[in-house]
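Student: I would like to go through this model and ask how each label is earned. Can we take it one label at a time?

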Amino acid sequence: MNNIIKNLRPYPMEELNRIKAELKKKGIKIYDFGTGDPKEPTDPKIRQALIDAVPEVSQYPSVAGRKDLREAISKWFKNRFGVYLNPDTQIIPSNGSKEAIFHFPLVFINTDIPEKRKVIFGTPAYPVYERGTLYAGGEPVTVPLKEEDNFLLRLDKIDKSILEETQIVWLNYPHNPTGATASLSYLEDMYGICREYNIILCSDECYTELYFDEKPPSALQAGIEGVVVFHSLSKRSGLTGYRTGFVAGDKKIISEYKKGRASFGVATPDFIQAAAKVAWSDEKHVEERRKIFKKKRDIFIEFFDKIGLEYLYPEATFYFWIKAPKDLSGEEYAKHLLNYGIVVSPGVNFCAGIEIMNNTCQSKYFRIALVPTIEECKEAVKVWEKAHKDLIRN
């Protein structure tokens, strides 16, 4: 067996699924704040577009995707970020963002040039940045994100010798798991450093549309040369099960990536592309989703303030990044909450494997995803308050 696969700890979300199955067997009511898979219904017109597009005869889709979808994405991107993307040369539809993020290093890490195969990303992090790097034979370089830096990845604080050996930098703002946001001036600074060291800047932008105040920027507003962004309809439109998104940016990089994707067999089914076109062409359903997540967010802001838990104020995403109370780790507090049916993601789930192997992952935090309905959130805080009081008394 491939040693890289064999030595990886179980994928965190799969472990959460196992835990939830055990709770169900015990008959405990579950309030699932673990995996970022919201319950809000998909907009009816998107569902209908998919149904109407299911063909009588099924045939292979193209890697390039439907032209009308790419044109819809281009129009949306221009309206949202003020950046024009050529639908024929700068956009590729993808199956959500996860597979595209994972596959990207397979194309752009050249293992024959060992002095240029480092991949930098901040931790805590979405696990796929590291895993895609490892499968591609790259060398992951983790940079701990600090509260005093507002959980921003600071390339200006990284040794120049490391930057010289780096092929890819991953940014992710708004950030999973912390919910931190980045300004355009920050993205411009990171873009400048990546250009100086000939680094591909990859920006995972799946959460740009889940904001509560200011609209988050895109890395492509800082520059296009050497930049690739990854977007998804999973969170924006509630299409997690549809698996649809796109990759866009520097046309030379997109051209090479398109060639590589032909070998992966990951073209998006046409009927899903038809639904995606409708989703990218409509903002009303996105505005409604933001209102719902804001209501959930406000429930937990009031609750955490009431019981005295420290958290990063979420300006975007549907996540809270919370410090465990007393002298507990995030994992210990998460295990305590499980006894009451409350499922959260301990911070260790977002540590890189190399941090865990080196015993440098000491996460005090845990994450909640605002997945349950508004009414379920109201129920959950009552149960959580009892769980918290029981812990403090003991």
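Tutor: What follows is a set of short questions on burial, salt bridges, a surface patch and cavities. Keep in mind that the model is predicted.

Student: Why is S345 called buried?

Tutor: S345 has a relative accessible area of 0%. Buried means under 20%, so S345 qualifies. S345 is found in strand β11, residues 345-346.

Student: What makes the link between the side chain of S345 and the backbone oxygen of G34 a polar contact?

Tutor: The side chain of S345 reaches that oxygen of G34 at 2.9 Å. The cut-off for a polar contact is 3.5 Å, so the distance fits.

Student: How do you know that E99 and R261 form a salt bridge?

Tutor: Their side chains meet at 2.9 Å, N to O. The limit is 4 Å, so the pair counts. The pair also links distant parts of the chain: E99 sits in helix α5 (residues 98-108) and R261 in helix α10 (residues 251-264), 162 residues apart.

Student: Are E99 and R261 buried or exposed?

Tutor: E99 is at 13% relative accessibility, and R261 is at 2%. Buried means under 20%, so E99 is buried and R261 is buried.

Student: What do we call K45 and D43, whose side chains meet in a salt bridge?

Tutor: Their N to O distance is 3.0 Å. D43 is at 17%, so D43 counts as buried. K45 has 39%. Partly exposed runs between 20% and 50%, so K45 is partly exposed.

Student: And why are D68 and R66 called partly exposed?

Tutor: D68 is at 23% and R66 at 28%. Both values fall between the cut-offs of 20% and 50%, so the label holds. Their side chains meet in a salt bridge at 2.8 Å, N to O.

Student: How many salt bridges are there by this rule?

Tutor: The count comes to 30.

Student: Which residues make up the nonpolar patch on the surface?

Tutor: M1, I4, I5, L106 and Y135 form the patch. Together they have about 450 Å² of accessible area. I4 is found in helix α1, residues 3-7.

Student: How many cavities of 30 Å³ or more are counted, and what lines the largest cavity?

Tutor: Three are counted. The largest cavity has a volume of about 100 Å³. It is lined by 15 residues, with P127, E130, C351, A352 and G353 nearest its centre. β3 (118-123) and α6 (128-135) each supply at least two residues of that lining.

Methods: Residues numbered from 1 in each chain as written. Predicted model: local features only at pLDDT ≥ 70, side-chain atom pairs only at ≥ 80, totals over all residues. Heavy atoms only, no water. Helix = DSSP H or I, 4+ residues; strand = E, 2+ residues; numbered from the N terminus. Buried < 20%, exposed > 50% of the residue type's maximum accessible area, 1.4 Å probe, protein only. Polar contact = N/O pair within 3.5 Å; in protein donor to acceptor, adjacent residues only side chain to side chain. Patch = residues over 30% accessible without salt bridge, like charges linked within 9 Å, V, L, I, M, F, W, Y side chains within 5 Å. Areas by Shrake-Rupley, 256 points an atom, 1.4 Å probe, with all protein chains shown as cover. 1 Å grid on protein atoms, 1.4 Å probe; cavity = no way out; pocket = protein on both sides within 12 Å on 5 of 7 lines; lining within 4 Å. Points joined across faces, edges and corners; volume = space filled by probe spheres on them.
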